[in-house]
Amino acid sequence: VVGLAAELVTESLTQFVAENKARYLWEDVNPGENFNEVFYSGKLSVVIHVGDRSDPATAAFIEAFREVSKEMRGRYTFGIMSANEHKLSEQVGMFSKYLPGMVVFDGKKLKYFSDRKMGRTKPDILAFLDKLQHNKLKAKKPTEEKEEESADEKTDKQAEPQPSSAGKLYDIKPSHDMSRIEKLLQELVKSQEKVHEAIFQIRDEIVDLRTDIEPMSGGRFVRDSVNVMDQKRKRAGSSRSDPHTGELRRA
């Protein structure tokens with residue numbers, strides 16, 4: 001038999017629950033204080049990294065996060081970290097220009113999930129956690145993300161439909177700079193083709209000139225007869241003479 005020190009009324013029950021319920025949200029995560037409780041609790045930790053908490057957009061994001069943490073208590077460990085005070089935020093890609101942002105950390109695998117372009121409303125938070133539950137997010141390693149946008153982030157930013165690149169040198173969706181580079185490459189290829197044509201034309205004219213020297217020399221120069229097939233089988237570059245006219249020599 002257990003004796004109760006106070007009568008079971010609504011007020012006393014509310015106080016008991018408030019004092020003994022499992023904590024699900026840490027309002028201020030600090031290394032050396034409650035860091036391990038948040039990030040290594042055995043559950044995935046969902047932490048928002050914030051800058052100036054007095055900023056209206058940041059304050060609204062924090063309030064939306066509180067609502068989500070209350071609704072999803074027990075599934076994750078929730079926390080709020082001041083990124084301006086702790087450089088640990090940068091290890092998970094939360095540099096100042098991406099604040100406020102949310103990161104889900106797996107303390108067992110030492111990997112995290114984030115989307116630095118994620119919206120900052122309650123539906124955005126819920127949508128991200130839904131993708132997490134359905135394994136639709138790519139895991140990242142600490143320090144993997146740099147301050148500059150990754151190739152994937154840039155690709156996502158340019159995901160709008162682009163004109164077809166069929167017939168171009170590279171079958172990719174071109175940005176303004178890439179279109180300019182492709183145009184220059186195409187012009188380069190055309191220039192090379194013109195150079196090749198000019199070389200062949202010059203070669204033909206030289207052959208014609210050499211062929212005309214013999215009859216114009218009045219017998220002072222003659223050409224040796226050649227076996228055309230033998231000449232064709234010789235290694236390229238073995239002779240500078242034309243295979244069809246033979247070498248020119250003095251009579």
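**Exercise 1. Work out how strand 2 and strand 4 are joined, and how many bridges join them.**

Solution. Step one: strand 2 (residues 45–50) and strand 4 (residues 101–106) run antiparallel and are joined by five bridges; strands here are DSSP runs of E with at least two residues, numbered from the N terminus, and two strands pair if DSSP finds at least two bridges between them. The model is a predicted one, in which local features need pLDDT of at least 70 and side-chain atom pairs count only at pLDDT 80 or more, while totals for chains, interfaces and linings use all residues. Residues are numbered from 1 along each chain as its sequence is written, and side-chain values use heavy atoms, with hydrogens and water left out.

Step two: look at individual positions, where S45 stands opposite F105 in strand 4, and V47 has V103 as its bridge partner in that strand.

Step three: turn to the other neighbour of strand 4, since strand 4 and strand 5 also pair in the antiparallel sense, over four bridges, with F105 standing opposite Y112 in strand 5.

**Exercise 2. Place the strands in the sheet, and explain which strands stand at the edges.**

Solution. Step one: five strands form an open sheet with mixed pairing, in the order 1-3-2-4-5. Step two: strand 1 (25–26) and strand 5 (111–114) each have a single partner strand, so one side of each is left without a neighbour in the sheet.

**Exercise 3. Decide whether strand 4 is enclosed or open to the outside.**

Solution. Step one: count the buried residues (buried means under 20% relative accessible area, with a 1.4 Å probe and protein chains only); six of the six residues of strand 4 are buried, so this strand is largely enclosed by the rest of the structure. Step two: examine each face, bearing in mind that in a regular strand the side chains alternate between the two faces of the sheet. On one side of strand 4 lie G101, V103 and F105, on the other M102, V104 and D106, and all of these are buried.

**Exercise 4. Describe the surroundings of G79 in strand 3.**

Solution. Step one: G79 has 0% relative accessibility and therefore counts as buried. Step two: leaving out residues up to four places away in sequence, G79 touches L25, W26, V29, V46, V47, I48 and F65, where contact means heavy atoms within 4.5 Å. Step three: G79 and I48 are 31 residues apart along the chain, yet their C-alpha atoms are separated by 6.6 Å.

Terms used. Buried < 20%, exposed > 50% of the residue type's maximum accessible area, 1.4 Å probe, protein only.
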